[in-house]
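Colleague: Could you take me slowly through one part of this protein, with the charged side chains and the pairs they form in mind? I am new to this, so please explain each term as you go.

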Amino acid sequence: DAEYFFDLLLGQSRASASETHAVSITAFVEGCMRMRGDASGIDLCCVEKQTRLILENLRKQQSETSRNLAALSDGLRHLCQPDDDQKSGSTAEKAAHERL
């Protein structure tokens, strides 16, 4: 439980703290104060950490989805707008039909 508690504190700390695997005394004391009460305190911390991870993953997926939709939109726009060769070909076809 102590190791898991430390991991929880690292997850709540800034990125630099989790990279150095160090928890400030302030973060430690605040974490201990949040754990006061029944044994359910650690359960609530676990749920909070899991919720943060889910939120982080959702934000990453949202960003990736936005990029993919933008790329898809650009691709569709390209398909819907004929290029110069297609424009001149359709003009030539019209001219041939007018001669007939």
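Modeller: What follows is a close look at helix H4 and its salt bridges, with a little of the setting first.

The model is predicted, so local features are given only where pLDDT is at least 70, side-chain atom pairs count only at pLDDT 80 or more, and totals for chains, interfaces and linings use all residues. Residues are numbered from 1 along each chain as its sequence is written, and side-chain values use heavy atoms, with hydrogens and water left out.

The protein has 5 helices and 0 strands, where helices (H or I, at least four residues) and strands (E, at least two) are DSSP runs numbered from the N terminus. Helix H4 covers residues 40–80.

Across the whole structure, a search finds 3 salt bridges, a salt bridge being a side-chain nitrogen of Lys or Arg within 4 Å of a carboxyl oxygen of Asp or Glu. One of them joins the side chains of glutamate 48 and arginine 52, at 2.7 Å from N to O. Because these two residues are 4 apart in helix H4, about one helical turn separates glutamate 48 from arginine 52. Glutamate 48 is partly exposed at 24% relative accessible area, and arginine 52 is partly exposed at 38%; here buried means under 20% relative accessible area, exposed over 50%, and partly exposed in between, with a 1.4 Å probe and protein chains only.

Another salt bridge links glutamate 56 to lysine 60, with the closest N and O atoms 3.4 Å apart. Both residues belong to helix H4 and are 4 residues apart, about one turn of the helix, and glutamate 56 is partly exposed, with a relative accessible area of 41%.

In a further salt bridge, the side chains of aspartate 74 and arginine 77 meet at 2.8 Å, N to O. Aspartate 74 and arginine 77 are 3 residues apart in helix H4, again about one turn. Their side chains also make a polar contact at 2.8 Å, which is a pair of N or O atoms within 3.5 Å; within protein, one must be able to donate a hydrogen and the other to accept it, and residues adjacent in sequence count only if both atoms are side-chain atoms. Aspartate 74 is partly exposed at 45% relative accessible area, while arginine 77 counts as partly exposed at 41%.
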